[in-house]
Amino acid sequence: MDLLSNTVALSRMQFALTAIFHMLWPVLTTGMAIYLVIVEGLWLKTRNPDYYRHARFWSKLYVLNFGIGVASGLPMEFQFGTNWAPFSEAVGDFFGSILGFEGAMAFMLEAGFLGIMLFGWGRVNPVIHYLATIMVAFGANLSTFWILVANSWLQSPAGGEMVDGKFIVSDYFQAIANPFMIKSVSHMFFATLETSLFVIGGISAWYILNNRHQAFFSQSLKIVLAAAIAVTPLQIYIGHLSAEQVAQYQPTKLAAMEAKWDTSPAGQPADWSLLALPDESTQSNTWEISIPNGLGYILEFKKNLSAPVLGLKEWPSSDRPHMVGLIYYSFRIMSGIGFFLAGLMLWSLLQWMLGNLSSEKIARQTWLLRTWIFAAPLGYIAVESGWIVRCVGRQPWTMYGQIRTADAASQLPAGNVLTSLTLFAVIYSILFVSTLYFGSRIIRQGPNMELTIPNLDPAVAIETEPATFVPDQRPIETQQ
Amino acid sequence: MDALIHFLPQVWFVILALFLFLYVMLDGFDLGVGILSLTSSDEERRSILMTSLGNIWDANETWLVLMGGALFGAFPLAYGTILSALYIPIFMMIFGLIFRAVAFEFREHSDRKLFWNAAFGAGSFIAALGQGFSLGSVIEGIAVDEAGHFIGSTWDWLDWRSLLVALALIQGYVLIGSTYLILKTEGDLQKTHFRTAKLAAITTLVGAVLITITTPIVYEAARTRLFSPPLIYIFSIIPVLGIILVGLLLRSLNKEEENTPFVWTILIFLLTFIGLGMIVFPYIIPNQITIYQAAAAPSALVFMLTFIGVLIPIMLFYNIYNYVVFRGKVVGDVYEESS
């Protein structure tokens, strides 16, 4: 087979495979770290031991995912050198620096304080512990920031120019604040948060539905709900802004996202394709359902387009992304999930306002709870689809408009890459299945309700008495 | 400006050396403990071994991530060339580290601990082997063209000299792992590691002596540099100091002291490191590409320095704090409660 001897294709597959798998773990931990800050803060503020037990329970899932995230992320950094050496040499001045920042500022902070967050409960005082938890969350989100700075710079290069095949940076801060940066960082920040919220919410719903610790888990469901009220609509809005940005800076990607082959001229209405079967050989959609005049309303909230929307045929085949169907459907899956989650949030909010989510009544909301369980993995799928749109849609460029993917790859024996790719496929599949297996084990075990609560002050010690304990209510003088 | 162009790559060479040294020292004992776990027979012992690393292994591994990022940013040419030349040993290391890391997480929740124990030990061994081969072949030099791009073949990294370095490094890791466990354990387990430390000290010494002798014989460039003044004086002091340090280490092991063996081992690592640095400097790909040729633009080096340079003391501070919080012996699968 031709593919098996094509080093560039194999290196691309390897990067895609490792990235798609790796993302599964940090996407949860980054958002969950914020959740852990919230519950630990609630514990310190209210002294309610349940919040402490939440912090301990969810951090078990956190550390499982964090450890695998570290392990699966290591190859990402080294692949730039092993498989993409010409690319590394061309963009090292900026791209390499940013990866260095991610390590020094973000990852080190997270890893450095993780030990204290997980094992330090009995060893440091609660304020120091809380500080460690905050540092872990801050580090995780700073990672998102730097990685997205690096990626959005590849999407919209700024701050310098290519000279003899090497990117010479003239202004580093302009490169950091490249056109894509702010919206990309926010879109991903909310993506990690939303994914974690619906994972935590889904697991909480599962417990409630199975009659386990209902009061306890309706607490976490409500924290999630309170956050999701803000996050889900905001994410749709940022997503829309990101798409506008793609339209402006990466017209080839937008055309692929919409499977749009022919240009729609300005001043006229154009249809918006809902579902289609794109066919690259005929440069058309063999089958399509479209919404009449929809495109103008989506882009500018009016019927007629004020600027033309370019179709793929405007560019020679070598300058536009292939796999149009993949990009087109990934985009629809991502946005569909975004709307679905916002809808679920609205439904839950309505039930909450009607008072149906109190710990006594919540178990009766069977369908709502089932939908939350169903929604738990959707965030992951949306994130993965979004990244497929972002990076497959950028092709044939590794750095948009500047470096072609074919020129970015190391010239390696195909056999080497095929071997490492196969090993990655096997190992990452094992990691994925094992995480599911051990994650579900942690969930089936449930929270440890007998944990000793660290001593904040004597008031807390009273609250930690076992539930069976009945205080002596006789008058003081008759006791003993 | 000329002075700056000369000075900045040197600063980054030193920073990279610092990151690499911290990595080799800190993850070195992690990997050493991992390799030693292959020899421990019962579950309780392995449990203690893994607990002694539970809270620090990912912070320790981060120094490697940091070094990768800094090498990429500061010397992009060397990063691309070295990593594509060492494709196989680098992935050997990565797969080893993956196995080690997941063993930590999965073992805790698994009923079949035997499998994850094996993954932990074997992963540590494979990672150390990959690192040893990488180190060995970088010291040997990598075949490059005039522009500094790799032109050798896939298996260039594998020969008796890189194997020698790999074996010596593994022994070194076992040594520092043993002395770390002497610090962290007590009773029978500690006794075992006094023995493994002694054995590893001797095998490491043999490896180091062989490398020290063969390097000037095989590599002409290293010979001319090292055997001419003023380097000859420093270079001849290193083996002498090394032998004194190994002597001190063996003495402290014989006296069954708890803390000093670890300190002597760190000093031995540091000395070896300075020796290697002298052989390599000013090259980043020995005898082919100097740090000045491979360096990123001065503006990039300054940019990175302002962000990362400031952070180095802070990173060191909270990493040390982490060790202070978890000082003391490991008992069973928990740390002894601090009083």
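**Figure 1. B:L270, a partly exposed residue in a predicted model.** The relative accessible area of B:L270 is 35%. That value lies between the 20% limit for buried and the 50% limit for exposed, so the residue counts as partly exposed. B:L270 sits in helix α11 of chain B, which runs over residues 260–280. B:I142 serves as a reference point for distance. The two residues are 128 apart in sequence. Their C-alpha atoms lie 25 Å apart in space.

**Figure 2. Helix α7 of chain B, residues 160–184.** This helix holds 25 residues. From first to last C-alpha, α7(B) reaches 36 Å. The expected span, at 1.5 Å a residue, is also 36 Å. How much of α7(B) is covered? Most of the helix is: 19 of the 25 residues are buried. An α-helix has 3.6 residues a turn, so residues three or four places apart point the same way.

**Figure 3. The fold of chain B, with 13 helices and four strands.** Chain B has 339 residues and a radius of gyration of 20 Å. A compact globule with that number of residues would have a value near 20 Å, so chain B agrees with the rule. Its C-alpha atoms fill a box of roughly 60 × 40 × 40 Å along the principal axes. Buried residues account for 57% of the chain. Take the contacts in chain B between residues at least 6 apart in sequence: 80% of them join residues at least 24 apart.

**Figure 4. The surface and charges of chain B.** Chain B exposes about 13,600 Å². Carbon and sulfur atoms supply 71% of that area. The chain carries 17 positive and 25 negative charges. Their mean positions are 8 Å apart.

**Figure 5. The fold of chain A, with 15 helices and six strands.** The radius of gyration of chain A is 25 Å, close to the 23 Å that the globule rule gives for 480 residues, so the chain is as compact as a globular protein of that length. Along the principal axes, the C-alpha trace of chain A spans about 95 × 50 × 45 Å. Buried residues make up 56% of chain A. Of the contacts in chain A between residues at least 6 apart in sequence, 78% link residues at least 24 apart.

**Figure 6. The surface and charges of chain A.** The accessible surface of chain A is about 19,800 Å². Carbon and sulfur atoms account for 64% of this surface. Chain A has 27 positive and 31 negative charges. The mean positions of these two sets lie 8 Å apart.

Technical notes:
Residues are numbered from 1 along each chain as its sequence is written. Chains are lettered from A and ligands numbered from 1 in the order in which they are written. This is a predicted model: local features need pLDDT of at least 70, side-chain atom pairs count only at pLDDT 80 or more; totals for chains, interfaces and linings use all residues. Side-chain values use heavy atoms; hydrogens and water are left out. Helices (H or I, at least four residues) and strands (E, at least two) are DSSP runs, numbered from the N terminus. The radius of gyration is taken over C-alpha atoms; the globule rule is 2.2 Å times the number of residues to the power 0.38. Buried means under 20% relative accessible area, exposed over 50%, partly exposed in between (1.4 Å probe, protein chains only). Contact means heavy atoms within 4.5 Å. Accessible areas come from the Shrake-Rupley method with a 1.4 Å probe; for residues, only the protein chains shown count as cover. Lys and Arg count as positive and Asp and Glu as negative; His and the chain ends are not counted. The place of a charge is taken as NZ of Lys, CZ of Arg, CG of Asp or CD of Glu. The expected span of a helix is 1.5 Å times one less than its number of residues.
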